[in-house]
Amino acid sequence: QVQLVESGGGLVQSGGSLRLSCAASGSIFSIGAMGWYRQAPGKQRELVATITSSDSTNYADSVKGRFTISRDNALNTVYLQMNTLKPEDTAVYYCNADVLLTTMIRIPSWGQGTQVTVSS
């Protein structure tokens, strides 16, 4: 009923930048909060950043000042601009969205993940 498709991951050198995108499609009535999470090998999935429907943002301490989350409600898309990347940012990045379907059922939705690798 809902698909979240991420793009923009890849390999980058330490200090470089990447921009992730995540587009939601399907039987969507509206989307509440959206966010990015990441999971490194052998570690639990952790929150990176979230943004509400009114553009209030929240960041993990480890990415504050380096990452910026934004959204385009007309496109049902959330972005993550990542600057000054570090090797410890290497992970699979997942987007998440709180989706209200046209059936008035609210479901949390996840993308399939996109790999970000930062070389030292």
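## Asn-73 and its loop

In this predicted model, Asn-73 counts as partly exposed, at 44% relative accessibility. The residue is placed in the loop between strand E7 (67-72) and E8. Its C-alpha atom lies 19 Å from that of Tyr-94, and the two residues are 21 apart in sequence.

## Residues with positive phi

Most residues other than glycine have a negative phi. Two loop residues of the chain are described here in that light. Thr-84 has a positive phi of about 45° although it is not a glycine. Thr-84 belongs to the loop between strand E8 (77-82) and E9. Its relative accessible area is 46%, so Thr-84 is classed as partly exposed, a class that lies between under 20% for buried and over 50% for exposed.

Met-104, also a residue other than glycine, has a positive phi, near 70°. The loop that holds Met-104 runs between E9 and strand E10 (106-110). With a relative accessible area of 48%, Met-104 is partly exposed.

## The disulfide

How many disulfides does a search of the whole structure find? The search finds 1 disulfide. The bond is formed by Cys-22 and Cys-95, whose sulfur atoms are 1.9 Å apart. This pair links distant parts of the chain: Cys-22 lies in strand E3 (residues 18-26) and Cys-95 in strand E9 (residues 91-101), with their positions 73 residues apart in the numbering.

Are the two cysteines buried or exposed? Cys-22 counts as buried because its relative accessibility, 1%, falls under the 20% cut-off. Cys-95 is likewise buried, with a relative accessible area of 0%.

## Ile-51 and its contacts

Ile-51 is found in strand E5 (residues 46-51). The residue is buried, since its relative accessible area is 3% and buried means under 20%.

Which residues does Ile-51 touch, not counting those up to four places away in sequence? The contacts are Gly-32, Ala-33 and Met-34, then Ser-56 and Thr-57, then Ile-69, Ser-70 and Arg-71, and finally Val-78. As for separation in space, the C-alpha atoms of Ile-51 and Leu-85 are 21 Å apart, and these two residues are 34 apart along the chain.

## Secondary structure and overall dimensions

The chain contains 0 helices and 11 strands. Read along the sequence, its pattern is β-β-β-β-β-β-β-β-β-β-β.

The radius of gyration of the chain is 14 Å, which agrees with the value near 14 Å that a compact globule of 120 residues would have. Along the principal axes, the C-alpha atoms fill a box of roughly 50 × 25 × 25 Å.

## Burial, contacts and surface

Of the 120 residues in the chain, 42% are buried; Ile-51, Cys-22 and Cys-95 are among the buried residues. Considering contacts between residues at least 6 apart in sequence, 55% join residues at least 24 apart.

The chain exposes about 6200 Å², and carbon and sulfur atoms supply 49% of this area. The charged side chains number 9 positive and 8 negative, and the centres of the two sets lie 2 Å apart.

Conventions: Residues are numbered from 1 along each chain as its sequence is written. This is a predicted model: local features need pLDDT of at least 70, side-chain atom pairs count only at pLDDT 80 or more; totals for chains, interfaces and linings use all residues. Side-chain values use heavy atoms; hydrogens and water are left out. A disulfide is a pair of cysteine sulfur atoms within 2.5 Å. Helices (H or I, at least four residues) and strands (E, at least two) are DSSP runs, numbered from the N terminus. Buried means under 20% relative accessible area, exposed over 50%, partly exposed in between (1.4 Å probe, protein chains only). The radius of gyration is taken over C-alpha atoms; the globule rule is 2.2 Å times the number of residues to the power 0.38. Contact means heavy atoms within 4.5 Å. Accessible areas come from the Shrake-Rupley method with a 1.4 Å probe; for residues, only the protein chains shown count as cover. Lys and Arg count as positive and Asp and Glu as negative; His and the chain ends are not counted. The place of a charge is taken as NZ of Lys, CZ of Arg, CG of Asp or CD of Glu.
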